[in-house]
Structures are given as C-alpha cells and as structure tokens.
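Reader: I would like a close look at the aromatic side chains of this protein, taken slowly and with the relevant residues named. Please walk me through them in one connected answer.

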Amino acid sequence: MRWLCLHFPWLSLELHVLPQDSPQALLDNRQRILLANPAAEAQGVKAGQALATALALSPELTLLETSAQQLRQSLEQLALWAGGFSARISLCPPQSLLLEIASMLHYFGGLEALLEQINSSIQRSGYSAQLAVGETARGAELLARVGSCIESDSERWWARLHALNIDQLGLPAKPGEQLRGVGLRSLGDLLRLPRNELAQRFGQSLLRELEKIVEPGAALPEPFIAPERFSQRVDLAAEIIHSQGLLFPLRRLLEALEGFLRIRQQQVAQLHISLFQRDSGEQQLTIGHAGGTASAAHWLELCRLQLEREKLRAPVLALQLDAEEGQGQQVHNADLFAPTQAQTTPAELISRLRSRLGKDAVQPLGWCADHRPERACTTETGKGERPPTGLARPGWLLATPRRLSPGEQRTLHWLRGPERICSGWWDGPVQRDYYVARWPDGRCGWVFNDSSGDWFIHGWFG
C-alpha cells in the first residue's frame with residue numbers, strides 16, 4: 001500500500017472562511033497567541049506572544065475561537081471531499097487525513113497528475129496543506145507535519161523518515177525526554193539499537209510506536225465511514241450581507257458533496273440550502289438539476305445563477321447544504337479516439353435557464369390525447385402522455401398558423417406527406433392535409449392544406 005497524508009496546519013483558522021491574506025490568530029486560555037496564519041506571521045505575530053504585543057504588531061489582527069467540535073466537523077468535510085481521490089480515507093485528528101493511493105494512480109494517470117488535481121482542488125477551497133507520500137501510513141503522517149515530502153524514490157524516502165528528530169515522532173513527553181537524555185536525536189539513532197534492549201528500558205509501548213512508523217502493514221489506520229445522507233454545515237466568522245458572498249463557503253460544501261457522491265457512484269438532482277441569519281432567521285433555497293449531476297463545478301454555476309436573483313433578508317451567519325437521496329450515475333460511452341471536448345448537455349442547459357430565469361420560466365412539454373397539433377402539445381403539470389411515434393412533428397409550433405402566399409408555395413420542395421388530420425367535431429373541427437416542405441434557404445417547415453384549399457405554415461423543424 002502507498003499512502004498520501006494531507007496535513008492542514010492552519011485548519012483551525014481556515015475553517016472560518018475568511019480571506020487568507022487577512023491576519024488571523026487563535027488565543028489560548030492565558031490570552032496568548034496559540035496559532036497565527038502566514039499573513040499574521042508576516043507582520044511579526046508568533047505563537048506564545050501576549051495579546052497586547054500581537055495587536056501592536058498587527059492592529060488589523062482578527063482573533064478567532066475554534067471549538068473541538070468545529071475542528072472535527074471541518075476535518076470530516078475534508079474527508080468527504082477526499083472521496084473524489086481515494087476509496088480509503090482515514091482521519092488523523094486534529095488536522096490530517098490519510099489517503100490510500102496505490103490503487104488510484106493508474107486511474108488518475110500517475111502520482112504527479114493525482115497530486116496536481118489534489119493541490120488545485122485544495123487551493124480552490126481556500127485551504128493550505130502539506131502533502132507527504134509514504135510507504136507507511138504513520139511515516140507519511142509524521143513527514144507531512146514537518147513539511148511537504150513527495151519522494152518517488154524509496155531509498156530517499158526512508159532516509160527522510162530516519163532523519164526525523166525524536167521531537168517529531170509524536171511520542172509521549174516522558175519517553176521522548178528519556179530518549180533525548182541518553183543521547184538519541186533521530187529516528188535512525190533509535191532504530192539502530194537492539195529492540196529487546198529498547199523494550200527492557202523504555203517498555204513495549206515504544207516498540208509498538210516504532211512498528212507503526214516503519215512497518216508497512218502494522219496497525220493500519222481505521223477507515224473513515226461516510227454518513228448515509230449528506231448534510232453539512234459551515235459557520236461563518238464574519239456576516240455575509242450579499243448573496244454572491246455565499247459562493248466561497250458553498251464551494252467547500254459542494255466539493256465535499258462531489259467526493260461523497262463519487263464514493264457511491266451516484267448523483268443528485270436537487271439541493272437544499274439553509275441560510276441561518278441574524279436574529280435567528282432562516283432563508284431556504286432549493287436548486288435543481290434537470291438530469292442530476294455529481295459535479296461541484298456544475299452545482300456551483302447553478303448556485304451562482306440563482307443567487308444573482310436572490311436577495312438576502314438578513315446577514316448570514318451560517319449555511320447548511322442538504323442533498324436529496326442519490327441516484328445511480330449514468331455512464332456515457334465516448335469515442336476512444338475523439339478529442340475530449342467540453343459539451344453542455346440538454347439537462348445542464350435547462351438547469352441553467354431555470355436557475356437564471358426561475359423554475360416556472362422553463363417548463364417541459366407534455367402531450368394530450370388529441371390529434372389536433374395545437375391541442376396535443378401542452379405545458380400543464382400532470383400531462384404525461386408520450387408523443388406519437390413514427391410521425392413528423394416540428395420542435396417549434398406556431399401559436400397561430402400563417403397563411404402562405406401562392407408565390408411562396410411555388411418555391412417549396414415537398415419532402416413528405418400528406419398526413420391527414422380530421423378531428424375535433426365536438427369543440428372545433430379541423431380537416432387538414434400536412435406536408436413536410438423545404439424552403440429555398442434550407443429551412444424545413446410543417447405546412448397544411450385545409451378544407452377551403454388554403455395553405456398554411458404551422459411549425460418549423462430544427
């Protein structure tokens with residue numbers, strides 16, 4: 001097995017969905033800086049500083065509070081997102097994820113292509129991560145905490161692992177202090193000692209920790225089990241007053257949704273967004289996709305189009321995304337040798353129009369059991385008859401048939417017909433002979449000759 005560890009050193013700050021270029025920090029219970037982001041560190045703010053000193057160095061410093069529950073929830077959202085890149089994910093609280101990638105390298109086209117996609121997705125979501133690839137899960141985790149380590153050569157990777165200091169092995173404080181007291185400085189120093197002597201002097205627990213680090217099959221991490229239903233929430237550190245400002249936190253939730261659906265090979269056709277507002281208000285949004293999709297990019301575009309029409313009733317403090325029960329994902333066969341092109345499907349086009357214009361502005365066509373064309377086609381809800389098969393019917397039917405002049409009739413090239421329609425004796429009788437005709441400019445129309453002998457154009461073919 002081969003492992004990839006994603007370590008998020010500033011997750012406690014970045015989960016609040018604030019701009020990365022704004023200085024931010026966490027405080028401990030002694031009112032000292034516990035963690036500062038790179039923007040704050042660039043202004044001189046460091047861990048351990050007194051609050052007064054930090055504010056003097058960075059007057060615009062934003063002080064945040066992060067609970068253990070928020071941190072765990074954010075890590076689980078990232079685990080759902082990682083489902084788009086690996087089938088086996090493990091949580092390494094409080095700030096790391098482990099992904100088994102040996103089985104995914106061929107699918108993504110190699111390690112470099114996989115890491116490029118992961119880095120791109122992380123940057124879009126506004127997170128910062130240190131990546132380390134390793135032959136043991138625990139070893140990759142320890143290296144990621146120190147810094148990024150992408151070593152494709154096995155010997156160099158083991159050398160990097162053995163060079164870790166005793167302080168970087170995540171050992172309890174007392175054994176670590178004892179090891180330093182006898183002059184051991186690195187993992188390599190520790191591994192060169194006889195195992196039985198280490199066990200006698202420092203106990204079996206130390207040997208078990210070493211096995212986790214250096215033995216590929218020892219104590220595999222517990223896999224993350226995704227929930228049965230997708231329902232995720234983001235709490236905001238700052239109020240959002242404009243609807244377009246919701247797109248950035250929505251992106252994180254939609255990326256998590258895409259990973260969640262990829263694990264299950266599913267897609268969804270409708271999302272529900274709850275906006276929790278100041279003074280305990282709540283605003284609900286429902287966004288649909290005509291054919292269903294799992295793509296975060298497609299859903300984000302639909303959210304953007306609908307939010308352009310929405311006006312927030314009050315500033316938003318948190319938002320929650322709920323997805324309906326997933327449906328099986330359709331597999332499309334493509335030409336193996338054809339170049340890949342981005343194409344908009346009819347379902348995506350319909351979904352975009354509904355998001356921009358409103359759900360009622362785009363309605364599907366239904367069919368009634370009536371031979372008269374102007375009465376057979378309807379947009380009424382509940383009309384579910386199938387259109388007639390084997391008959392030529394235009395996609396664009398004119399609201400009122402237009403009379404053709406004798407000169408126009410003489411220019412037509414007749415392709416098909418006649419098809420007689422004689423019906424409606426009870427509420428508007430018609431007797432017509434329909435033909436498919438081509439105009440000189442290439443257009444194809446549906447024309448008819450009525451009982452009076454006049455000619456009309458009734459519709460156009462696409």
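Which residue lies over the face of Phe-276, and at what distance from the ring centre?

Author: In this predicted model, the residue over the face of Phe-276 is Arg-233, placed at 4.4 Å from the ring centre. A second arginine, Arg-432, lies over the face of Phe-448, at 4.7 Å from the centre of that ring.

Turning to contacts between rings, the structure holds 13 aromatic pairs. One of them joins Trp-414 and Trp-455 in a tilted arrangement, with 5.2 Å from centre to centre and 45 degrees between the planes. Because Trp-414 belongs to strand β16 (residues 413-423) and Trp-455 to strand β19 (residues 455-460), this pair ties together parts that are 41 residues apart in sequence. Trp-414 is partly exposed, at 38% relative accessible area, whereas Trp-455 counts as buried, at 18%.

Another pair, formed by Tyr-434 and Trp-446, is stacked, with 4.1 Å between the centres and 25 degrees between the planes. Here Tyr-434 sits in strand β17 (residues 430-438) and Trp-446 in strand β18 (residues 444-450), so that the pair links distant parts of the chain, 12 residues apart. Tyr-434 is buried, with a relative accessibility of 1%, and Trp-446 is likewise buried, with a relative accessible area of 2%.

Elsewhere, Trp-81, Phe-85, Tyr-107 and Phe-108 come together as one aromatic cluster.

Key:
Residues numbered from 1 in each chain as written. Predicted model: local features only at pLDDT ≥ 70, side-chain atom pairs only at ≥ 80, totals over all residues. Heavy atoms only, no water. Phe/Tyr/Trp six-rings, centres within 6.5 Å; stacked < 30°, edge-to-face > 60°. Helix = DSSP H or I, 4+ residues; strand = E, 2+ residues; numbered from the N terminus. Buried < 20%, exposed > 50% of the residue type's maximum accessible area, 1.4 Å probe, protein only. Lys NZ or Arg CZ within 6 Å of the ring centre and 35° of its normal.
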